[in-house]
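Colleague: I'd like a close look at one helix pair in this complex, and then how the parts around it fit together. Could you walk me through it at bench level?

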Amino acid sequence: MENPSFILTRRKFLKLTGGGLVVAFVLKDLLSFADETLPSGPAAIPTGEVGAWIHIGEDGLISVYTGKVEFGQNIRTSLSQIVAEELKAPLSSIKMVMGDTDLVPYDAGTFGSRTTPQMGTQLRKAAATARQALIEMAAKSWNTTTACLSVENGMVVHCETHQTIGYGALTKGQQILRTISDNVPVIPAKDWKVAGKTAPKVDGRSFITGKHAYVSDMKVPDMLYGKVLRAPSYNAKLVAVDLAKAKGMSGVTVVRDEDFIGVVAPDVVTAGKALQLIDAQWQEEKDQPATADIFDYLVKNTTREEGAGDKNGDVEAGLAGADFRHSQTYHVNYIAHVPLETRAALAGWSDGKLTVWTGTQRPFGVQEELARVFKLNKEKIRVIVPDTGSGYGGKHSGEAAIEAARLAKAAGKPVKIVWTREEEFTWAYFRPAGVIEVAAGVKKDGTITSWKFTNYNSGSPGMDTQYKTVNKQVTHIPSKTPLRQGSYRALAATGNVFARESHMTDLARGIKMDSLAFRLKNLEDDRFKAVLQAAARAFGWDKPKAPGHGYGIAGAFEKGGHIATCAEVLVNEDKEVKILRITQAFECGAIVNPHHLENQIMGAIIQGLGGALFEKIDFAAGKILNASLAAYRVPRFGDVPKIEVVLIDRKDLPSAGAGEAGIVGVAPAVRNAILDASGTGIATLPMIPNGTLR
Amino acid sequence: MVLSVNGIKHEVSADPNVALLTVLRNDLDLTGSKYGCGVGACGACTVLINGNPTRSCITRIDSLAGKEITTIEGLEKNGRLHPVQEAFLTIDAFQCSYCAPGMILSAAALLNTNPSPSEDAIAKAMNGNVCRCGTYPYIVKAIKLASKSSK
């Protein structure tokens, strides 16, 4: 292992926990680390091998250590429920310690809908192991066997004597470390009492009273406020700069490190003034792609011949044998995440050690970024992520953390940076734009004979068709991108599912087949079929519709979530489009928290409406032209149609994540409904920036 | 100048053209009011000025002499939550909750002028407040609940 650091040494364990019982979930089955009891063994587990750990202290408090972070998914609540369930302990006795690189085991980051299936499973097993350990400790203490012992309400109970002992009393004076890797019996979902039920956000009160301190709210003694000089456009070169006026301001420090120029001041107003007093001259690059020619640019500027993909059979022969053939090019614009809390960081140096509070989805990734920039050992860097004002895949990186750390180093005092909305729009990253070409053929009976799908630039996730197709060719071709692009909720699946599900409805219409029946005929996945049927039933797919109204359906499975969406729209004589209602069915295995799952799916639908209907980054000559919430339109109260969420609880299946799949069905369902109502098949996201069909 | 915030008078030394949000957050350590956009377009910075919902990020402090400012920190009275806060807690409306203070103050102001708003009236009155997590239907539900409970 590179740079071996042993996090669970006895010393560190004691320092962290002060004794008690610790159960660590080990990612790899490391027999040599199994069942170490600290006083007798060297109990040291390599950092990278631990997924999570649970500590039960002498006060009965159950502390859960995980590298996952809370950005509004409400995982602080759902993971607590999972641990409470296995340990049969009150929810209030559980404390989640999240996203602090000094305290929690390494974690790649909070993305990809992985918290519930991966971290949830690890914590479930760790908690189950802790339960077993507590029962064994009680048996030893009572000089009996474990046969008659069980747990309830944070205590071990004897079935005959009805004697009880609390977890805190059991762990008092103990220093026990257990490690587990897998194969621990856990409580089946059908028997859940705490998990599987709606529990309110565990610390909801601190949010609705404004008491929760997001990074942007934090203040530490001697803290200064930082601002960074930005280029007027992408790729602009700094030609000359006069820092004298800013430097002359009382209390202001100006920091220059080649092209990086920043200011720090005792208050935010002074920092802003100092930045304005910097006289910088830039050489701008005017000849850069613009919104108007982006799709042409992406197709002409591919970076390699062929990227990821899949090929079966012969698409040309399949096309030749079709009764109906249909080709269409779909376009997806760049969109912005617009997390309501912009990037923020507070950094401070002390004795060569750097501590940074920042809202990132990848605390350990940002720790690595900082280690590279400052040429420091990772152990010298602590990244802490307080519960953050959302991310949606947009906060994987550590720009603000690096900037705050640079300024703090130069100033010799802690520095906080909060990006402006304009900075967030301009210097973060976007969901990639893309061009998707689909050519397909179908027989009159609904058999798909050929499926050719080519994605330029926007990405491969969700690209492969989920329908039966003998002859298919699915390809992703990366392109040069004029804008910085990166992760976004569901990644490229939103655009890929839009293209696929639009095309599926067009094929069904081409052979005059009901588009639900056409999908069901070509599906093998029972879970996908079940959500389509559930959505159609709740929506009333078979019910007649009024003149000018249209119905649309779409679906997919993505990252363990199975989703189907139905939409009803009205297109009036002036070609104005009104989204009337949306019904979405969702299934992700055994539900951990029904209300929070519904909220997550509801939120995904509403966020999805933005990218489907009107969200679009407008750019030219290296400038973002709508870098403001007055210009870039996001969904608001008035944009929300009637929405029904149908949740299917499959207690027989493992729980999967739900953060992403919920967003992919909205755009194609609405598009197909508009087509049904008006005959116009839109092929570009966003579909109706002005609310009308041209 | 003197600013009256949540019933307490504060002597403030900031320039008269500085935004109220900046003074609240940086001079008075009242960080419940949030920065979201800086142009009055998202509602995260909403406070009440003489009871009217106001975007504090575009409100200069020199316009506030003699006026009473209420922030999210001032809604809770003697440890008791405002009925709108209670309703949001009961409905468990939020995800990241960054928009929550602005939403709650806008909702409280709405219910002051219209104690029993229809869903359309709620959507219209709240349209300037953005929840990027998309929890709008739960926010509407919470406001409906508060409107009933405040009767």
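Modeller: Sure, and one working rule to start: two residues are in contact if their C-beta atoms, placed from the backbone, lie within 7 Å. Bear in mind that this is a predicted model. For the complex, the predictor gives an ipTM of 0.98 and a pTM of 0.96.

Now the helix pair. In chain A, helix 2 covers residues 75-87 and helix 3 covers residues 115-142; their axes come within 8 Å and cross at roughly 30°. Angles under 35 degrees count as roughly parallel, so helix 2 of chain A is roughly parallel to helix 3 of chain A. The crossing of helix 2 of chain A past helix 3 of chain A is right-handed.

Which residues meet there? From helix 2 of chain A you have A:Ile75, A:Ser78, A:Leu79, A:Ile82, A:Val83, A:Glu86 and A:Leu87. Facing them from helix 3 of chain A are A:Thr115, A:Thr116, A:Met119, A:Gly120, A:Leu123, A:Arg124, A:Ala127, A:Ala128, A:Ala130 and A:Arg131. Sort this contact between helix 2 and helix 3 of chain A by class, and you get 10 nonpolar, four polar and three charged residues.

Stepping back to the whole of chain A, the domain assignment gives domain 1 (10-195), domain 2 (216-284 + 343-418) and domain 3 (301-334 + 430-685). Measuring between C-alpha centres, domain 1 of chain A and domain 2 of chain A are 38 Å apart. Their contact draws 14 residues from domain 1 of chain A and 16 residues from domain 2 of chain A. On the domain 1 side of that contact in chain A, the split is four nonpolar, six polar and four charged.

Two backbone details in chain A are worth finding on your screen. A:Asn235 is not a glycine, yet it has a positive phi of about 70°; look for A:Asn235 in the loop between strand 9 (224-228) and strand 10 (237-242) of chain A. The other is the peptide bond from A:Leu685 to A:Pro686, which is cis, with omega near 0°. A:Pro686 sits in the segment after strand 29 (684-685) of chain A.

Next, the partner chain. Chain A puts 46 residues into the contact and chain B puts in 43 residues. On the chain A side, the elements giving two or more residues are helix 5 (204-208), helix 7 (268-276) and helix 16 (594-613). Helix 16 of chain A gives the most to that side, with six residues. By class, the side of chain A that touches chain B comes out as 21 nonpolar, 17 polar and eight charged.

Chain B itself has a mean pLDDT of 96, with 98% of its residues at 70 or more. Its domain assignment gives domain 1 (2-74) and domain 2 (83-149), and 21 Å separate the C-alpha centres of domain 1 of chain B and domain 2 of chain B. In that contact, domain 1 of chain B supplies 15 residues and domain 2 of chain B supplies 12 residues. On the domain 1 side, strand 3 (46-49) and strand 4 (52-55) of chain B each supply at least two residues, and strand 3 of chain B gives the most, with three residues. That side of domain 1 of chain B divides into seven nonpolar, seven polar and one charged.

Conventions:
Residues are numbered from 1 along each chain as its sequence is written. Chains are lettered from A and ligands numbered from 1 in the order in which they are written. This is a predicted model: local features need pLDDT of at least 70, side-chain atom pairs count only at pLDDT 80 or more; totals for chains, interfaces and linings use all residues. Domain bounds come from an automatic or database domain assignment. Ala, Val, Leu, Ile, Met, Phe, Trp, Tyr, Cys and Pro count as nonpolar, Asp, Glu, Lys and Arg as charged, and the others, Gly among them, as polar. pLDDT is the predictor's confidence in each residue, from 0 to 100. Axes are lines fitted to C-alpha atoms, for helices over the stretch in contact, and angles run from 0 to 180 degrees between N-to-C directions. Helices (H or I, at least four residues) and strands (E, at least two) are DSSP runs, numbered from the N terminus. Angles under 35 degrees count as roughly parallel, over 145 as roughly antiparallel, 65 to 115 as roughly perpendicular and the rest as oblique. A crossing is left-handed if the near helix is turned anticlockwise from the far one by less than a right angle, and right-handed if clockwise.
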